[in-house]
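Visitor: I am new to this structure and would like a close look at a single part of it. Could you take me through one helix and its surroundings?

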Number of protein chains: 2
Amino acid sequence: MVVDQLRETELDRLFQAFADSTRRDIVRRVTGGEYSVSGLAALYAMSFAAVQKHVAVLERASLITKEKRGREQIVRGDHEGLQKARRLLDEYEQIWRQRAARMADILAEG
Amino acid sequence: MVVDQLRETELDRLFQAFADSTRRDIVRRVTGGEYSVSGLAALYAMSFAAVQKHVAVLERASLITKEKRGREQIVRGDHEGLQKARRLLDEYEQIWRQRAARMADILAEG
DNA sequence: CTGATCTACAACCATTTGGTTGTACAATAT
DNA sequence: ATATTGTACAACCAAATGGTTGTAGATCAG
C-alpha cells in the first residue's frame, strides 16, 4: 500500500515525541515562554544529556525549534507540529461522529 | 513534583499507541466499522500475532475495545480515548494562541 | 589567561518495542 | 469425529528508547 510514506513517518515521530511525560512538559514550558536547554535541564531530576536527548526528539518531530544565542541554545515551541497532530485527531473524531450518526439513523428507522 | 501520575501514564500509552502507522490504520478502520482480529490481520503484511499485539496496545490505551462473538473477537473504536488526546492537544493550542496574542500586543505597543 | 558555563556527542547499559515462529485450545464447519 | 478457523500466549531476536558517565569545544566572566 505505502500510503503517503513521508507523512506517516512524520506522524510516527510526532506521536512518539508526545509519548513521554517529560517531553510533554517541555512542550508546555517552551510554548509558554523561552528556555535554554540547561534552563530546561534544571527542571528535571535527570542528567543534562538526558534532557538534551528529549529536546532532540522534539526537534526532529517539529514540535520545537532551537536557536543559538551566545553560548546558549534557546528552545521555542513550533506551532506547526501541534496543528498537524490536532488535525489528524480531528479526522478520527470526524469519522467517529459520522458513524455515530449512521447508527442513530438505523435505530430511528427500526 | 509527580503531577497526576495516573493521567500521565495514561497519556504515555495513548500517544505511544498512535506512534505507529499500522496502529493508526487500525484505529481508522475500526472507527469506521467492525473488524475481527483476523479480519484486521488479513489487511497487513505481517503475522497474525503481530497484529494481535498492535490490537493489545490499542486496547491498553483505551482506543479500542474487544468483544467476543462466537470464536471471533470483534474490535471497535473507543471514542473516549480519542477525545482525551484531542483535549490535551487543545490545551497546548490554547497556550500557544495566548502567547501569540501577547506577542502581537507587544509589537503593537512598540 | 583562567576558570566556569553551556552545549554536543560518544559509549555504554537495561528495558521496551515490533516483529517472528511454535504450541495450545475453543468454536465452527464438513 | 475430524478438520479448519480464530484466538491466546510463550519464547526468541534485532533494533529503538531512555537513561547514565565521560570527553571536548565554545562562549562568557573575573
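**A helix between two chains**

Guide: Happy to! Across all chains, the structure holds 28 salt bridges, and the model you are looking at is a predicted one. One of those salt bridges is a good way in: the side chains of A:Glu8 and B:Arg24 meet with N and O 2.8 Å apart. A:Glu8 lies in helix H1 of chain A, residues 5-18, while B:Arg24 lies in helix H2 of chain B, so this pair joins two chains. Side chains of opposite charge can pair when their charged atoms come close. A:Glu8 also forms a salt bridge with B:Arg28, where the closest N and O atoms are 3.9 Å apart.

Let us stay with H2 of chain B, which covers residues 21-32, and look at its neighbours. Two packed helices are described by the angle between their axes and the distance between the axes.

From chain A comes helix H5, residues 79-109, which packs on H2(B) at an angle of about 20°, with the axes 8 Å apart. H5(A) and H2(B) are therefore roughly parallel to each other, and their crossing is left-handed. On the H5(A) side you can find A:Leu88, A:Tyr92, A:Ile95, A:Trp96, A:Arg99 and A:Arg102; on the H2(B) side they meet B:Arg24, B:Val27, B:Arg28, B:Val30, B:Thr31 and B:Gly32. Sorted by class, this contact has six nonpolar, two polar and four charged residues.

Within chain B, H2(B) has a neighbour in helix H4, residues 48-60. The axes of H2(B) and H4(B) come within 10 Å and cross at roughly 70°, so these two helices are roughly perpendicular to each other. Here B:Thr22, B:Arg23, B:Ile26 and B:Val27 of H2(B) meet B:Val51, B:His54, B:Val55, B:Val57 and B:Leu58 of H4(B). The residues of this contact are six nonpolar, two polar and one charged. Notice B:Val27, which appears in the contact with H4(B) and also in the contact with H5(A).

Back in chain A, the two helices we have met there pack on each other too: H1(A) and H5(A) make an angle of about 105°, with their axes 11 Å apart. That makes H1(A) roughly perpendicular to H5(A). Among the H1(A) residues in this contact are A:Leu11, A:Leu14 and A:Phe15, and the H5(A) residues include A:Ala85 and A:Leu88. A:Leu88 is also one of the H5(A) residues that meet H2(B). By class, the contact of H1(A) with H5(A) has seven nonpolar, one polar and four charged residues.

Finally, step back to the two chains. In total, 34 residues of chain A are in contact with 34 residues of chain B, and there are 10 salt bridges between the chains. The area buried between them is about 3,400 Å², with carbon and sulfur atoms giving 57% of it. A:Arg86, A:Tyr92 and A:Trp96 supply 20% of the area that chain A buries against chain B, more than any other three residues. A:Tyr92 and A:Trp96 should look familiar: both belong to the H5(A) residues that meet H2(B).

Notes: Residues numbered from 1 in each chain as written. Chains lettered and ligands numbered in written order. Predicted model: local features only at pLDDT ≥ 70, side-chain atom pairs only at ≥ 80, totals over all residues. Heavy atoms only, no water. Axes fitted to C-alpha atoms, helices over the stretch in contact; angles between N-to-C directions. Helix = DSSP H or I, 4+ residues; strand = E, 2+ residues; numbered from the N terminus. Parallel < 35°, antiparallel > 145°, perpendicular 65-115°, else oblique. Contact = heavy atoms within 4.5 Å. Nonpolar A, V, L, I, M, F, W, Y, C, P; charged D, E, K, R; others polar. Left-handed = near helix turned anticlockwise from the far one by under 90°. Buried area = accessible area lost by both parts, 1.4 Å probe. Salt bridge = Lys/Arg side-chain N within 4 Å of Asp/Glu carboxyl O.
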